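Got your viewer open and a selection tool ready? Let's take a short walk through this model, stop by stop.

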Amino acid sequence: MKYWLLKSEPDVFGIDDLANAPSRTTGWEGVRNYQARNMLRDDFRKGDRAFFYHSSCDVPGVAGVVTVVREAYPDPSQFDAKSEYYDAKSARDAPRWVNVDVKLVEKTRLVPLAELRAGGDWGRLALEYVA
């Protein structure tokens, strides 16, 4: 099992959105960075765990823990011309972008980036939630 950090802007899709999603599960869509795509495609495995990190907000930090419940599959938004994630150069027989599905394990208290940098509860949080 591997452990990851997945980041999302809470005003776009936050931990509360995941908590309210059907079966507390969602596709991790819209990744348009090749290095991140390669890790999703090649390294993420069912059962892996990740911290759900709120970014680009007033108080960025870890907001919960998720588990991978479905390994990489083509991100359908790349083929949808109405989607902000549309990629005209991506072909259905050779898709460029992938999703993995994640399920909420537990919503945690927000552990702010400043606290993570200082040590804080990071070690305790890691030991409690990814083991």
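How many salt bridges does a search of the whole structure find? The answer is 6. Keep in mind as you click around that this is a predicted model. Side chains of opposite charge can pair when their charged atoms come close, and the first stops show some of these pairs.

**Stop 1: Asp 75 and Arg 32**

Select Asp 75 and Arg 32 and show their side chains. They form a salt bridge, with the closest N and O atoms 3.2 Å apart. Trace the backbone and you'll see that this pair links distant parts of the chain, 43 residues apart. Asp 75 sits in the loop between strand S4 (61-74) and S5, while Arg 32 is in the loop between S2 and H3. Now switch on a surface: Asp 75 is buried, at a relative accessible area of 0%, whereas Arg 32 is partly exposed at 29%.

**Stop 2: Glu 71 and Arg 45**

Next, pick Glu 71 and Arg 45. This is another salt bridge, and here the closest N and O atoms are 3.7 Å apart. Again distant parts of the chain are linked: Glu 71 belongs to strand S4, and Arg 45 to the loop between H3 and strand S3 (49-54), 26 residues apart. Glu 71 is partly exposed, with a relative accessible area of 34%, and Arg 45 counts as partly exposed too, at 36%.

**Stop 3: Arg 96 and Asp 87**

Move on to Arg 96 and Asp 87, a salt bridge whose closest N and O atoms are 3.7 Å apart. Is each partner buried or partly exposed? Arg 96 is partly exposed, with a relative accessible area of 27%; Asp 87 counts as buried at 12%.

**Stop 4: Asp 101**

Now select Asp 101, which you'll find in strand S5 (residues 98-112). Which side chain of opposite charge is nearest to Asp 101? That's Arg 70, 4.2 Å away. A salt bridge has to fall within 4 Å, so Asp 101 is buried yet has none. What Asp 101 does have is a polar contact of 2.4 Å, side chain to side chain, with Tyr 73. Show everything around Asp 101 and skip neighbours within four places in sequence: its contacts are Thr 25, Thr 26, Gly 27, Thr 67, Val 68, Val 69, Arg 70 and Tyr 73.

**Stop 5: Val 102**

Step along to Val 102, also found in strand S5. Val 102 is buried, with a relative accessible area of 0%. Put a distance label between the C-alpha atoms of Val 102 and Gly 27: you should get 6.3 Å, although the two are 75 residues apart along the chain. Beyond four places in sequence, the residues that Val 102 touches include Leu 6, Leu 18, Trp 28 and Val 66.

**Stop 6: the largest pocket**

Last, look for empty space. The largest pocket holds about 630 Å³. To centre your view on this pocket, select Lys 7, Trp 28, Glu 29, Gly 30 and Val 31, which are the closest to its centre among the 22 lining residues. Which element gives the largest share of the lining? Colour S1, which supplies 5 residues. Strand S1 (3-8), helix H1 (10-13), strand S2 (25-27) and helix H3 (34-42) each bring at least two residues to the lining.

Technical notes
Residues are numbered from 1 along each chain as its sequence is written. This is a predicted model: local features need pLDDT of at least 70, side-chain atom pairs count only at pLDDT 80 or more; totals for chains, interfaces and linings use all residues. Side-chain values use heavy atoms; hydrogens and water are left out. Helices (H or I, at least four residues) and strands (E, at least two) are DSSP runs, numbered from the N terminus. Buried means under 20% relative accessible area, exposed over 50%, partly exposed in between (1.4 Å probe, protein chains only). Lys and Arg count as positive and Asp and Glu as negative; His and the chain ends are not counted. A polar contact is a pair of N or O atoms within 3.5 Å; within protein, one must be able to donate a hydrogen and the other to accept it, and residues adjacent in sequence count only if both atoms are side-chain atoms. Contact means heavy atoms within 4.5 Å. On a 1 Å grid over the protein atoms alone, a cavity is a set of points where a 1.4 Å probe fits but cannot get out, and a pocket is an open set with protein on both sides within 12 Å along at least five of seven lines; lining residues have an atom within 4 Å of a point. Grid points are joined across faces, edges and corners, and a volume is the space filled by probe spheres set on the points.
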